[in-house]
Amino acid sequence: MTGTTSVQVARLRTNIARRKLWDLLFALLGILALAIGILTIAVLFADMLINGWERLHPEFFTHFPSRRAAQAGILSAWVGSVLVMLVTAAVAVPLGVAAGIWLEEYAPHHWLTDVIEININNLAGVPSIIYGLLALGLFVYAFDLGQSIRTAGLTLGLLILPIVIVATREAIRAIPQVIREGAYALGATRWQTVKHHILPYSLPGILTGVIIGMARAIGETAPIITIGALTFIAFLPPAPVTAAAPFISFEWLQAPFTVMPIQIFNWTSRPEAAFQANAAAAGVVLIAMTLAMNGLAIWLRYRLRKNIKW
Amino acid sequence: MNDTPCGIASLPIKAEVKDFNFYYGSFQAIKNVNMPLCDKKVTALIGPSGCGKSTLLRSFNRMHDLYSGNRYEGEIVLHPDRTNLLDPRVDPIEVRMRLSMVFQKPNPFPKSIYENVIYGQRVRGVNKRSLLDDKVEQALTQAALWNEVKHRLHDMAFTLSGGQQQRLCIARALATEPEILLFDEPTSALDPIATASIEELIQELKEQVTILIVTHNMQQAARVSDFTAYMYLGELIEFGYTDEIFIKPRDKRTEDYITGRFG
């Protein structure tokens, strides 16, 4: 201890340098892995942006698809996507949040709830085409809901239901047990605890899960094609607001429709280069929609979490 | 009102634990405990970790009902109406409306100071602004917090210091006018100055309410309590006046614990 020589110190330093070499190697490997992932996506997106750039003018958003590439637009597709998303949210949010709350706050813990839990996790991994087949048999044929916006919304709602349930459960689990006990100790009922505490405190997490689920649903193509969405549609669904009483109409729910990914798929399968540019431009719009939703999720989470701390 | 003598003392009684056993699944955490709680006195539960003192405290307000697999045997009788708090026919919500609890770590809700204090009233459906305002002032005054927070009642509770948060939780517990106030190691997460202020507060509160406190800190038990119960491995080893327990314990195991030979 007392007589550490300069030779020993030098040996110590060589030893440290040798071990830290591995640190450096792993850091480089990590950066490389990250770069491959990010660069690939960046190149793909840049290529799409370059190809589609010329088509991204206002008329592109206000024109229906057309046989002439230069006049074709995505009006019916983006309106269809937005309307289908509304139905998707209306289906998935109440069902998913209620199921998640029940599983966390009400369900007894025994084998049946374990089975349900395993199945929900499995559902999240079911290929989306299977949901399309299910919807075709159930919603289109058995319930006769038609190849409509409501069928598409129901299908995508089911598709993202497991995502919403899992996000709800995780958000609820992040609430410390002492907060629950604090509410119960003051004489709160289970529902009061849920309404005053569990729901408000898990809301940021639930919203994030819902929006991430929606961002996935908006890009889904396979189940929508399976239920028979049109690939060429040159009219809009009936407006939800009408001039005459009762001023609100739900006819649009039964309208035929198309959505962004189907429009893109349709244009990609055309031989003309001009349609490829349209597809690229629509792809940029779809990615922008997805990014905007994710951005909204991050912003909402940040805003709401500021007031929740334990 | 109530002249049942309180165990060893000839004081009015507030509650009595009778032939009490408690099981977590098949594990028996509390074995045949009998003890009184004297009215408007402080009773301390002491003992080494895992002795069952917190389990006993949490039985008083039926916290164990929140989790499956827990089982009570015996009675905890609340005076003067002699309701058995453990009776399955007695709704745990009723029990928790009569007894309040302060937890080990301050657990204010992520809401305003005001909303925290009147949460018990909200639960009961009281929404009249003037009633709630009075309640907030009264409870915060009782908890010695009013002067510090009266100008910022609508700030979030987590902006308070740890000691203030715990006094807020005491105010929240007092606002429902409980018959018994349960403290589960209320100062274990606090610094010495905050601890001293909570202990002082407990001394003041016993004028108004019966107090049962679990503590790891024997000096705290000696300072704040009138009666002390020493528990070990789920059994009540000794119960008596705090002075007597600390000066001349009757049981060797109590003596070993309070002299610091183990625990």
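Start by selecting A:G187, which sits just after helix α7 of chain A and takes a positive phi of about 95°. Keep in mind on this tour that you are looking at a predicted model.

**Back along the helix**

Now step back into α7 of chain A, residues 177-185. Colour A:R180, A:G182, A:A183, A:Y184 and A:A185, because these count as buried, with 20 or more other C-beta atoms within 10 Å of their own. What covers them? Show α8 (190-218) of chain A, and then add α2 (92-98) and β7 (99-102) of chain B, since the cover includes pieces from both chains.

**Across to chain B**

Stay with that meeting of chains and select the contact residues on each side: 20 from chain B and 19 from chain A. On the chain B side, α2, β7 and α4 (119-124) each give two or more residues. Colour that side by residue type and you get twelve nonpolar, six polar and two charged residues.

**The six-stranded sheet**

You already have β7 of chain B on screen, so follow it into its sheet. Six strands line up in the order β7-β8-β9-β4-β10-β11 in chain B, making an open sheet with mixed pairing. Which strands are at the edges? They are β7 and β11 (235-241) of chain B, each pairing on one side only. Look along the sheet for the twist, which averages 15° from one strand to the next.

Zoom in on the β11 end. Strand β10 of chain B (residues 227-232) runs antiparallel to β11 of chain B, with six bridges between them. For one rung to click on, pick B:Y230 and its bridge partner in β11, B:E238.

**A hairpin and its neighbour**

Next, select β5 of chain B, residues 70-78, together with β2 of chain B, residues 9-24; the two are antiparallel and share eight bridges. One pair to label here is B:E16 with B:V77 in β5.

Keep B:V77 selected, as this residue also stands opposite B:N84 in β6 of chain B. That strand, residues 83-84, is antiparallel to β5 of chain B and joined to it by two bridges. Together β5 and β6 of chain B make a hairpin with four residues between them, and in the turn you will find B:R82 with a positive phi of about 60°.

**Into the cores**

Hide the ribbons and show side chains. The largest nonpolar core has 81 residues, and the members touching the most others are B:A171, B:I180, B:L181, B:I211 and B:I213. Helix α7 of chain B (residues 162-174) gives the largest share of this core, six residues.

Centre on B:I211. Which residues does B:I211 touch, leaving out those up to four places away in sequence? Select B:V42, B:L181, B:F183, B:I202, B:L205 and B:K206.

There is also a second, separate core of 60 residues, with A:V87, A:I224, A:A279 and A:A280 among them.

**Zooming out**

Finish with chain B on its own. Count eleven helices and eleven strands. Its C-alpha atoms fill a box of roughly 55 × 40 × 40 Å along the principal axes. Chain B has a radius of gyration of 18 Å, which agrees with a compact globule of 263 residues, because such a globule would come out near 18 Å. Colour by burial and 48% of the 263 residues in chain B are buried. Finally, take contacts in chain B between residues at least 6 apart in sequence: 67% of them join residues at least 24 apart.

Conventions
Residues are numbered from 1 along each chain as its sequence is written. Chains are lettered from A and ligands numbered from 1 in the order in which they are written. This is a predicted model: local features need pLDDT of at least 70, side-chain atom pairs count only at pLDDT 80 or more; totals for chains, interfaces and linings use all residues. Two strands pair if DSSP finds at least two bridges between them. A residue is buried if 20 or more other C-beta atoms lie within 10 Å of its own, exposed if 12 or fewer, and partly exposed in between; C-beta atoms are placed from the backbone. Two residues are in contact if their C-beta atoms, placed from the backbone, lie within 7 Å. A nonpolar core is a set of buried Ala, Val, Leu, Ile, Met, Phe, Trp, Tyr and Cys residues joined through C-beta atoms within 7 Å. Ala, Val, Leu, Ile, Met, Phe, Trp, Tyr, Cys and Pro count as nonpolar, Asp, Glu, Lys and Arg as charged, and the others, Gly among them, as polar. Axes are lines fitted to C-alpha atoms, for helices over the stretch in contact, and angles run from 0 to 180 degrees between N-to-C directions. The radius of gyration is taken over C-alpha atoms; the globule rule is 2.2 Å times the number of residues to the power 0.38.
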